[in-house]
Structures are given as structure tokens and as C-alpha cells.
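Ready for a few warm-up exercises? Have a go at each task before you read its solution.

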Amino acid sequence: MPVVTHRYVDVPAGTIHCACAGDAGPPVLLLHQTPRSWDEYRDVLPLLGRRCRAIAMDTIGFGDSSKPPPGNDSIEHWAAVAVSALDALGIARAVVAGHHTGAVIATEMAAAYPERVAAAVLCASALVDAAFRAAHGGPPVVDNVQRRADGGHLVDLWRIRQPWYPPGDI
């Protein structure tokens, strides 16, 4: 089983942390959801490393990567930084796999830098347009409870979430 190693690469926007496994086969860049880190891929990284050059990077502003400059926390900026990380790693073209926010970043990479993305693997993409965001703005329904000093609101939160968990699966 390939060992996971850690690298820090300097890009114009700062320093990006990458966890890597394997060095043979096509490069695969793994992009996590926010507000997570490369750790989302901790278990799969060595498995992919058997056949690929697997890289799980911390999106700028998350994990052990640099904080982005003020005003640069957009999907477009995160995609440009991911391409810069590929440059710093000496990778011209990669398969890009992303989960949730990472899937949106992967989509932006494929649209803005098609020559850099060999394929995109998208999981639970949260890709929505401005009209959807405007119609669904405001506090999330699942967390819309009155906070109480005695902590009773935590029971209310559980009651809201509990139906999402199948019986016996807790």
C-alpha cells in the first residue's frame, strides 16, 4: 500500500498543502468539500495511489493551506489556485475529482482550463444558479431553532435531523 506523504507547494496565492500517494499512472487531483480538508480522502488516497499519482490538496483557506487574500474566496479563485498547484507539482493534465464544493471547483476547472482537466468526477455537486440562491437564501431550516441556555435547543436540533437517519442506523 502506498504511503501518504505531505508536500507544500508555493503558488502565487500562497502555500498549498497536498497529501500524495503513488507516483505511477495518471495524476488524480482530489478536491474536498468546505469546510473540510484533504482528510476527507484519508482512506481512499492510498488505494488510488496503487494505480495513480493521487493528490488530495487543501483548498486555499482550509486545512494547512494559506489563507486567501481578502476578497479572493470565490469558486473561480479556488479553481485558479488548484491549477497553480498542478503547475507547482509539474502536472500538465489531471483527472479532477471533487465532492460537494470540490465538485463545483472541478466543474470550474474543466470550464476555464479544459486543457488541464483530463476528466472530471463529480460527487454531490452543489452547483446552483443565482436565481436558486436568491430564492433559498436565509437561515437553513435544519438549524432554525431558538437557542436556550440550558442546551435544550440541542434536543430540538436532533428532532429535526433524526428522520434523516434510518431506524437502527445510529
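**Exercise 1. Place histidine 100, and decide whether it is buried, exposed or partly exposed.**

Solution. Start with the location: histidine 100 sits in the loop between β5 and α3. Keep in mind that we're working with a predicted model. Next, the surface: buried needs a relative accessible area under 20% and exposed needs over 50%. Histidine 100 comes out at 33%, so it counts as partly exposed. Last, check the backbone: phi of histidine 100 is near 55°, which is positive even though the residue isn't a glycine.

**Exercise 2. Which loop holds alanine 124, and what is the sign of its phi?**

Solution. Look between β6 (117-123) and α4 (130-135): that loop holds alanine 124. Its phi is positive, about 55°, and again this is not a glycine. As for exposure, alanine 124 has 45% relative accessibility, so it's partly exposed.

**Exercise 3. Find what histidine 99 touches beyond four places in sequence.**

Solution. First, place histidine 99 in strand β5 (residues 94-99). Then list its contacts: Leu31, His32, Gln33, Glu40, Tyr41, Cys123 and Ala124. So alanine 124 from the previous exercise turns up here too, going by the 4.5 Å heavy-atom cut-off. For a distance check, take leucine 122: its C-alpha is 6.3 Å from that of histidine 99, with the two positions 23 residues apart in sequence.

**Exercise 4. Which residue does threonine 34 join through a cis peptide bond?**

Solution. The partner is proline 35, and omega is about 5°. Now locate it: proline 35 belongs to the loop between β3 (27-31) and α1 (44-49).

**Exercise 5. Is histidine 17 buried or exposed, and what does its side chain make a polar contact with?**

Solution. Begin with the element: histidine 17 is in strand β2 (residues 14-21). Its relative accessibility is 1%, so it counts as buried. The polar partner is the side chain of aspartate 58, at 2.9 Å. Once neighbours within four places are set aside, the residues in contact with histidine 17 include His6, Trp38, Met57, Asp64 and Ser65, along with Asp58 itself.

**Exercise 6. Work out how the axes of α2 and α3 are arranged.**

Solution. The axes of α2 and α3 (residues 101-112) come within 9 Å and cross at roughly 75°. Angles from 65 to 115 degrees count as roughly perpendicular, and the two helices are therefore roughly perpendicular to each other. By class, their contact has nine nonpolar, one polar and two charged residues. On the α2 side you'll find Ile75, Glu76, Trp78, Ala79, Ala82, Val83 and Leu86. These meet Thr101, Val104, Ile105, Glu108 and Met109 of α3.

**Exercise 7. What does serine 84 touch, leaving out residues up to four places away?**

Solution. Serine 84 is part of helix α2 (residues 75-88). It touches Val11 and Pro12. For proline 12, the C-alpha separation from serine 84 is 7.5 Å, and the two are 72 residues apart along the chain.

**Exercise 8. How many helices and strands are there, and in what pattern?**

Solution. Count five helices and six strands. Along the sequence they read β-β-β-α-β-α-β-α-β-α-α. For the overall numbers, 36% of the 170 residues are buried, and the C-alpha trace spans about 55 × 40 × 25 Å along its principal axes. The accessible surface is about 9,900 Å², with 56% of it belonging to carbon and sulfur atoms. Finally, among contacts with a separation of 6 or more, 63% are between residues 24 or more positions apart.

Methods. Residues numbered from 1 in each chain as written. Predicted model: local features only at pLDDT ≥ 70, side-chain atom pairs only at ≥ 80, totals over all residues. Heavy atoms only, no water. Helix = DSSP H or I, 4+ residues; strand = E, 2+ residues; numbered from the N terminus. Axes fitted to C-alpha atoms, helices over the stretch in contact; angles between N-to-C directions. Parallel < 35°, antiparallel > 145°, perpendicular 65-115°, else oblique. Nonpolar A, V, L, I, M, F, W, Y, C, P; charged D, E, K, R; others polar. Buried < 20%, exposed > 50% of the residue type's maximum accessible area, 1.4 Å probe, protein only. Areas by Shrake-Rupley, 256 points an atom, 1.4 Å probe, with all protein chains shown as cover. Polar contact = N/O pair within 3.5 Å; in protein donor to acceptor, adjacent residues only side chain to side chain.
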